[in-house]
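User: I am new to this structure and would like to understand the reasons behind the terms that are used for it. Could you take me through them step by step?

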Amino acid sequence: MLLEMMTELHAHNARSRSDGTGSRVAVVTAHPPGRGPLNEYGYHFVRHLAARTDVDEVVVLGDELPDGLDYPEVDGVRFTTCWRFNGLTNAFRIAAAVRREQPDGVVFNQHFASYGSGKVASALSLLAPLLVRLLGVRTMVLQHNIVETVDLSSAGFGANRIVEAAFRAIGTVLTWLVLRAHVVSVTIPQYVEILRRKYRADNVVLIPHGTFETPAEPDYAPRPGPLTVMTFGKFGTYKTVEPLIHAIRHLRAEYDVRLVIAGTDSPNRPGYLAEVEATLGADWVEFTGYVEEEDVPTIFRSSDVVVFPYTSTTGSSGVLHQAGEYGRAVALPDIGDFAEVIREEGYVGEFFEPDDPSSMATAIGALLRDPALREEQGRANHAAAAGLPLSELVGEYLHHLGLLDEAELRVPFRAEAGRKELEPAA
């Protein structure tokens, strides 16, 4: 059966590349209105990929949505559900969907917990790229993190040293399996070095995270009213907000400042934000809950400083790139992937010691007291974001899928499709 499926798909791909038409690309990803990991990156990746004139159709192989939600209708994009969060058979369901769709290539937008909070479901799902490659389809994985640089204890995957050692051993095996894809792209140079050295992998490429939008020059003028400090993400493991609340409480003795905590609980820590709100909530702290895609620009534009209250990092930060897109000054810990991204991509910020309210207050206070410094850093971050638009980087994926020659990487875009915002589901 597998040999028959491989032969069928090889014949389809040969026809697609010889008849002069554009490509059909499948993307395995969470996608709004679903709220799974990397859903926002998936949204922008798919949108920019569909905007290319050399792509006829993008097929999103998405996760099952909660009752009452439906994927939107988007020109050039078709949605089909074939996996579910914490599903044990995701890898086989994804492979079966690829066989039905017969795309010219498949991109997996994933990290190690994309498919579930349960360890078994996550591990089994990571077999999907290997199974799809065995079908004869050109397969590329966009791997947002690697186990070698993740603090498993902070991320909720290591209860003690023995458990953490076991997870690292399992993570090594899973990484080896992910590397069975034709190509694996990562967003940070250090990841390339680690994968090539440890796994002797010659199929690893660097493609930066990229900025979701081609950013227009923001308005840096101070706004009336209280200063706003904002943090954005999924909280409760390596992203915790208690130190930030304490830091802002201290700063309120000197500044008229409010705090916006935008986002939801980490899948590994359900109920975390409700607990924090019950114990540390105040009239100057706003918990927004999940932020719909169309509301993201407002959240950033109404903020004066964006803070990253992380104790460790698990990959290149989409929120950092968004802060740059909207020209915001940032306060962040000088650790792990943040340090790497800032060094490589030109972002700037005020740094603090992780999990230290006093250090955090000092860094944030430096930005609150100096509008000129906020503007200077906002402009620098905006310039860094403008240099790496995702709209251009998606061509690299087509190239590594064997669907584009290098000379064809920068092709005209369907301008309206590239700017089109997805309509929220009814």
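Analyst: What follows is a set of questions and answers on a predicted model, with each term set against its cut-off.

User: What makes Trp83 and Tyr115 an aromatic pair that is edge-to-face?

Analyst: The ring centres of Trp83 and Tyr115 are 5.0 Å apart, and rings pair if their centres lie within 6.5 Å. The angle between the two planes is 75°, and since planes over 60 degrees apart count as edge-to-face, the pair takes that name. By this rule the count comes to nine aromatic pairs.

User: Why is it said that this pair ties together parts that are apart in sequence?

Analyst: Trp83 belongs to strand 3 (residues 77–83), whereas Tyr115 lies in the loop between strand 4 (105–110) and helix 4 (119–125), so the pair links parts that are 32 residues apart in sequence. Both Trp83 and Tyr115 are buried.

User: Why is the pair of Phe308 and Tyr310 called edge-to-face, and are these residues buried or exposed?

Analyst: The centres of the Phe308 and Tyr310 rings lie 5.8 Å apart with their planes at 85°, so this pair is edge-to-face, the cut-off for the angle being over 60 degrees. Buried means under 20% relative accessible area; Phe308 has 0% and is therefore buried, and Tyr310, with 4%, is therefore buried as well.

User: How do you know that the charged end of Arg180 sits over the ring of Trp176?

Analyst: The charged end of Arg180 is 4.0 Å from the centre of the Trp176 ring and is found to sit over that ring; for the distance, the cut-off is within 6 Å of the ring centre.

User: What makes strand 10 and strand 13 the edge strands of their sheet?

Analyst: The open sheet of six strands has the order 10-9-8-11-12-13, with parallel pairing. Strand 10 (285–289) and strand 13 (350–352) each pair on one side only, and they are the edge strands.

User: How do you know that strand 8 and strand 11 pair?

Analyst: Two bridges join strand 8 (residues 227–235) to strand 11 (residues 305–307), and these strands run parallel; because a pair needs at least two bridges, the requirement is met. One of the bridges can be located by its residues, as Val229 has Val305 in strand 11 as its bridge partner.

User: Why is strand 5 described as largely enclosed?

Analyst: Of the six residues of strand 5 (residues 138–143), five are buried, so this strand is largely enclosed by the rest of the structure. Strand 5 is joined to strand 4 by six bridges and to strand 6 (residues 183–186) by three, running parallel to strand 4 and to strand 6. Val106 has Thr139 in strand 5 as its bridge partner, while Val141 stands opposite Val184 in strand 6.

User: Why does Asn86 count as partly exposed, and what is notable about its phi?

Analyst: Partly exposed is the range between under 20% and over 50%, and Asn86 has a relative accessible area of 30%, so it counts as partly exposed. Asn86 lies in the loop between strand 3 and helix 3 (90–101), and its phi is positive, about 70°, although it is not a glycine. Most residues other than glycine have a negative phi.

User: Why does Asp355 count as partly exposed?

Analyst: Its relative accessibility is 49%, so Asp355 counts as partly exposed, given that exposed means over 50%. Asp355 is placed in the loop between strand 13 and helix 13 (357–368).

Definitions and conventions:
Residues numbered from 1 in each chain as written. Predicted model: local features only at pLDDT ≥ 70, side-chain atom pairs only at ≥ 80, totals over all residues. Heavy atoms only, no water. Phe/Tyr/Trp six-rings, centres within 6.5 Å; stacked < 30°, edge-to-face > 60°. Helix = DSSP H or I, 4+ residues; strand = E, 2+ residues; numbered from the N terminus. Buried < 20%, exposed > 50% of the residue type's maximum accessible area, 1.4 Å probe, protein only. Lys NZ or Arg CZ within 6 Å of the ring centre and 35° of its normal.
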